[in-house]
There are 2 protein chains.
Amino acid sequence: MPRSKFVENILKRVNAEEGDLIEIKVDGEKIKGILMPHHEFSDENIIIVKLSNGYNIGVEVKKNIKINVLEKKKEKTVKKRKIPFDPDKPTVSIIGTGGTIACYVDYRTGAVHPATSAEDLAFSVPEIFDICNVKAKVAFQMLSENLKVQHWQTLAREITKAFNNERVSGVVVPHGTDTMSYTSAALSFMLKNLSGPVVLVGAQRSSDRPSSDAAQNLLAAVTLAAKSDLGEVVVVMHGETSDTFTCIHRGTRVRKMHTSRRDAFKTINEKPLGKIEDGKIELTGEYRKRIAGKVIVDDKMDEDVALVYFYPGMKEDELPDKKGLVIMGTGLGHISIDLVKRVKELIDNGSVVVMTSQCIFGRVNMRVYSNGRELLKAGVISGEDMLPEVAYVKLMWALAHAKDRDDVARIMHTDIAGEISGRSISTTFL
Amino acid sequence: MPRSKFVENILKRVNAEEGDLIEIKVDGEKIKGILMPHHEFSDENIIIVKLSNGYNIGVEVKKNIKINVLEKKKEKTVKKRKIPFDPDKPTVSIIGTGGTIACYVDYRTGAVHPATSAEDLAFSVPEIFDICNVKAKVAFQMLSENLKVQHWQTLAREITKAFNNERVSGVVVPHGTDTMSYTSAALSFMLKNLSGPVVLVGAQRSSDRPSSDAAQNLLAAVTLAAKSDLGEVVVVMHGETSDTFTCIHRGTRVRKMHTSRRDAFKTINEKPLGKIEDGKIELTGEYRKRIAGKVIVDDKMDEDVALVYFYPGMKEDELPDKKGLVIMGTGLGHISIDLVKRVKELIDNGSVVVMTSQCIFGRVNMRVYSNGRELLKAGVISGEDMLPEVAYVKLMWALAHAKDRDDVARIMHTDIAGEISGRSISTTFL
């Protein structure tokens, strides 16, 4: 949200502008640093100050605050830049959506900006223009935890336009990391006949922090979009905590597995498709190649689906009556026997119920123990080795594309976008 | 469940008994093998046959089935055995609860039995009697996905009795793997002043399979219970896929991370407490030592708590009105901004809401982004680096022990049984 009137007035009164060196006294504390632009993710009564050690802190503006300008900023606001065009280079589309990666740092002033245009984002890593031309636009500007099905659909259509109308070699989608793997799964089902890679990329630490992964990830994503023959939706993120390489994860096999580490994203139940190191792309996994011709967008979704986590003590009414229900069961795909009646009732009333595992790794197999067999008998569909979140997204897509319930089951059991494998590869565990 | 009358009658008619070599013809197929005892986890119309390759298969008994006895069993049923007693050895209590590990194989007949007594289980690994005396009993006999709070309480009381009345050096609890970590967390909060280790142990593959982990895990668990100075609840399971060592996991830090691998159990957000290799215990982590005196059981729980998994598209009514609610949010602990109103409403009505992360690894931090700050403002409690399942169990315990809501918050923020650490140790990721 923007700054409050209250804060704006205080800053105006002391003539403090962004880029100025200021001193703040509040609650007996003294803070000295550069006044930073307001951050879209900050509260209205917070001002951001960059300390001499490079870190930004947020200071709550209270009535007793005192602000003095010690030194006016040295440079005027950056002028509108023009993106260079080189007819010998491939062109990559960058479609902004928000998130940590969209907060870029201006190298000259040291200020952190929310990238209000994707151009800004590209200019924050100027090496990009050595690789390709950039067509940039912003689809929306949001924290990824706020995204919904309609945003996935908007994005799918924008990506399709970029390939079909602007004839780009690939599309890069900077994205918040929280729900990036839900979006990558949705795009994987929605986009067909991809004529180039669709690369989602994020950052775990924003660019104003010394440990930011934003620049390396963005550069790797653009490299992949410009130079590879991939025809899939992938996620590109740090491969290790250090800045050695970035990993290429299939869009239907990836999951954020750590709240804060830079290498939080992991491919689950298969190996990553490859990596990017020192500007070189290594594709080691089996991947779908790009197809010449028009990209087809097929983004119909039935949103009447829920994702539910089983736990000991769960009550029947926590299994909601929806057209589709994905359960995260225990182990091989189990829930308590006293919930089976409710599941049967839902299915008898027309719901489609899919079983996945809260273990995250491995494959569901409901044939081994009696509770599982009861669920199969009731008509529950096995999620095989699909990630629960991917099964959720796929079920929305399947319900919108199937003729009847048998057809939903058929789609759920069919590998559409690399989300299911015939057998589990056990070399990809923790 | 037991065999159906229908199956019993067919077997009686052809005089087929457990242990006999039989031939089955059904639906044009011919199957030859040893008729096995009925498995508690099997359907009533299934008979189990051990093939010559060592694997068991279940065959559905249909009307058109033909069964011939080719050879009668060679040996009579095993006689009741007496557990030897050696006054120079420590005594370990084995308290059975069911699960895969409780299906043991009789070495002489090769038959798989559900261990109807914990003695049977101990006798299935005779090396146990080289280490200690065994006091065995069965608390209940269930698939772990069917367990509820009352079973945790029963178990806590049985364990307390074993320590206080029978003066054992440690207690081993063979347990189904599906919800073993929920039980280990519950026991960790319920048991105080432990005078010895409480070791939960399971098997990912039952003893009739060549790849079973049952014997090694059970032997390691008994070793730890007999010989160590631990005063904590721990889980002991395979450390690798091969039979090299077993890992000792703290009861509040462990999670089943794979549906089928033998090394499925992993310590999350810290290092395992240690390992057991070639009968030797190595405790490398910081652990609580046993305390002389009486064990105290403190097993009051408030069951009006739910565990809910956030996902894009979640609706307000999927956040149920309970006394306690643990949310598995995205990333650092987020949910969509349009659910914040509902959370605020729940808290204003007296609910306690705790935030954890579906990333599984890492620590929740709601101060970084605006949605998180909105949740903090609404009164959501940070789950720190607690596992979501552990936060769920702990919240039931906290609600039953706190004076008021502030006191619940205080308990949730206090490290009771190793479930929270002051800072995250980042060396324990995938």
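This briefing covers the symmetry of two chains, the contact between them, the domains of chain A and two helix pairs.

The model is predicted, so that local features need pLDDT of at least 70 and side-chain atom pairs count only at pLDDT 80 or more, while totals for chains, interfaces and linings use all residues. Residues are numbered from 1 along each chain as its sequence is written, and chains are lettered from A and ligands numbered from 1 in the order in which they are written.

**Symmetry**
- A turn of 180° with a shift of 0.1 Å along the axis lays chain A on chain B with an RMSD of 0.1 Å (least-squares superposition on the C-alpha atoms of residues with pLDDT of at least 70 in both copies).
- This is the relation of a two-fold axis, and the residue of chain A that comes closest to the rotation axis is A:Leu430, with its C-alpha at 2.4 Å.

**Contact between the chains**
- Chain A and chain B each bring 55 residues to the contact, where two residues are in contact if their C-beta atoms, placed from the backbone, lie within 7 Å.
- On the side of chain A that touches chain B, strand E20 (305-309), helix H8 (370-378) and helix H9 (388-401) give two or more residues (helices, H or I, of at least four residues and strands, E, of at least two are DSSP runs numbered from the N terminus).
- E20(A) gives the most to that side, with four residues.
- By class, that side of chain A has 26 nonpolar, 17 polar and 12 charged residues (Ala, Val, Leu, Ile, Met, Phe, Trp, Tyr, Cys and Pro count as nonpolar, Asp, Glu, Lys and Arg as charged, and the others, Gly among them, as polar).
- Because 100% of the interface residues of chain A are also interface residues in chain B, the copies meet through the same surface.

**Domains of chain A**
- The assignment, automatic or from a database, gives domain 1 (5-71), domain 2 (91-297) and domain 3 (305-413).
- Between the C-alpha centres of domain 1 and domain 3 of chain A there are 52 Å.

**Helix packing**
- In chain A, helix H7 (residues 340-348) packs with H8(A) at an angle of about 15°, their axes 9 Å apart (axes are lines fitted to C-alpha atoms, for helices over the stretch in contact, and angles run from 0 to 180 degrees between N-to-C directions).
- In this contact, A:Val340, A:Val343, A:Lys344 and A:Ile347 of H7(A) meet A:Glu374, A:Leu375 and A:Ala378 of H8(A).
- These residues divide into five nonpolar, no polar and two charged.
- In chain B, helix H4 (residues 149-166) packs with helix H5 (residues 180-190) at about 55°, with axes 10 Å apart.
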